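User: I've got a model open and want to learn how to read its cysteines, cores and pockets. Can you walk me through them?

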Amino acid sequence: MKATRIYALFALLLMAGGVTMQAQNYDSIAHHNAGWYDLDLRNMMQLRDGNILANIQLFEIDEQGQYLGDYGNRLLKIAPNGAVLLDSVFIADDDLNYFLLERNPFDEDNIYAKVVRNLDESRCDLRISFFDDDLNFYPEKEVWVPLSDTIFSSLLDSYFLDEHGDIMLRYPLSMRNELHYYRIGIDGTVKDHVVMPKDGSPINYYPAGGHRFGTFNESPTEYCFWGINNSDHNTLYVHVFDSLLNLKETLTPNGAPSNVKFEYGMRERVLDWDEETFLVASRFDRPYTNINGVRVTRYRKNTLEALNTCYFRTKPELLIGNMFVGCAFPIGLAKAGDGDIYFAYCTQDPETLYFGSPAGQVSVVKIDADFNIIWQRFCLEPEGFARVGSELTALENGGVAVGGVVMGAPPELFFLVFDDEGWAVSENAMLSQTCNVYPNPAREKVTIEGLEASEVQVCNALGQVVKTVLGTNEIDLSGLVEGVYLVRIRDKEGRIFLEKVMVK
């Protein structure tokens, strides 16, 4: 079964470079090529109103795909029923990095926090911002916490919100050979701070998969950092800290059978499951065979014994010479409300090549507590995926949402939403949109087909409205210079549709 695939709207919202734009409401999703940008879906969460919030990082590139600079974050508010884009806000940022995106446990708003360079004070700070479910930010609540007296900002920060509502931050300061571990209240109070040298310590590892700081035990409180030695991608290291962030011990879970190699550093996922166990998702490979893919393993915390493992082979496999090869990478791992497990991964399709890399399916799976597969869905074949920039979040009312990047030029976004039984939510919702604008390209006029337009706005590449007409489905384009325009159509029922039109 194929799940619903939709594309996020980026058109004119991204063209005003460096300008923070106000949130705008949309009732449909369409994809438009708005210049040259690379995308990375970095965070996803469910808001209190039931909608999904996705954070997209944007990187400016040239026509050859070469990186030019960080551009900013766009927060997208998406309705899970039909995956309709409801709202978005752009945050200009020329120093993109990992950051925290969570609900505020002490109020009805949400937290957006990250390490930033404070150029006015020549230092780096933790900036803690707050916004509501309508994507309105509250500048008066924002807090800046000094971290270091240098404007150097690490690219490997790691965050999570602990059970007490404090921000746990791991901040590597490579220029000083230091690792900083913080516990900071969302009011900006620094509660604990430990500095450790990187060289010669058991914590000289990097978080290749991203957010690696987390809870290890709740009673007594213990934290952990998951790392991979830069020269050893076959071992996962667990650094366990006490409640004051003092390092207690370094553990090395493995549990691979003698003919299987577990590979880390490529989007592995770790999930604290209960008081006694945790889950790890990563790649696996059976050397000298054509068997490889991803796996999910449950480990016992006190002994690191592997209790259960579920394997998912790469499909299809690519024949190179006389060898079969394949790739698969975890996307996300989450608890379902009924005690089961949601897992998503991407695999390759050798017939679909973008930028020289095999691309292929996204698979979403539900596994029970005994690691039996309840259901599995394969999606997005054969459009392709990006193994980075994909996320998974479990929904409170049952079900799961998966989002990520479809590789191409330009790259596009996808969102997959399933109910708890594995059925795509409102799978035909996007097919009911019958709006069409023709001819395209156009010279003097276009006609809108499939609805009755009450208001039509034509916007240029700067986002400026250059023409507005009321109560007609025929739009006069004469007098407009050649270029790409966005046609924003409001129908008699107040719904908004957007189409890109080329004027020649």
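Analyst: Let's start with a cysteine: Cys 124 has 0% relative accessibility, so it counts as buried (under 20% relative accessible area, 1.4 Å probe, protein chains only). Cys 310, at 7%, counts as buried too. Note that this is a predicted model, where local features need pLDDT of at least 70, side-chain atom pairs count only at pLDDT 80 or more, and totals for chains, interfaces and linings use all residues. Residues are numbered from 1 along each chain as its sequence is written, and side-chain values use heavy atoms, with hydrogens and water left out.

User: How many disulfides are there by this rule?

Analyst: A disulfide is a covalent bond between the sulfur atoms of two cysteines. With the cut-off for a pair of cysteine sulfur atoms set at within 2.5 Å, the count is zero.

User: Which residues touch the most other members of the largest nonpolar core?

Analyst: In soluble globular proteins, nonpolar side chains tend to be buried together. A nonpolar core here is a set of buried Ala, Val, Leu, Ile, Met, Phe, Trp, Tyr and Cys residues joined through side-chain atoms within 4.5 Å. The largest has 21 residues, and Ile 111, Leu 126, Ile 128, Leu 147, Tyr 159 and Ile 167 touch the most other members. A second, separate core has 19 residues, including Ile 52 and Phe 415.

User: What does Ile 111 touch?

Analyst: Counting contacts as heavy atoms within 4.5 Å, and skipping residues up to four places away in sequence, Ile 111 touches Leu 100, Ile 128, Phe 130 and Leu 161, among others.

Conventions: Buried means under 20% relative accessible area, exposed over 50%, partly exposed in between (1.4 Å probe, protein chains only).
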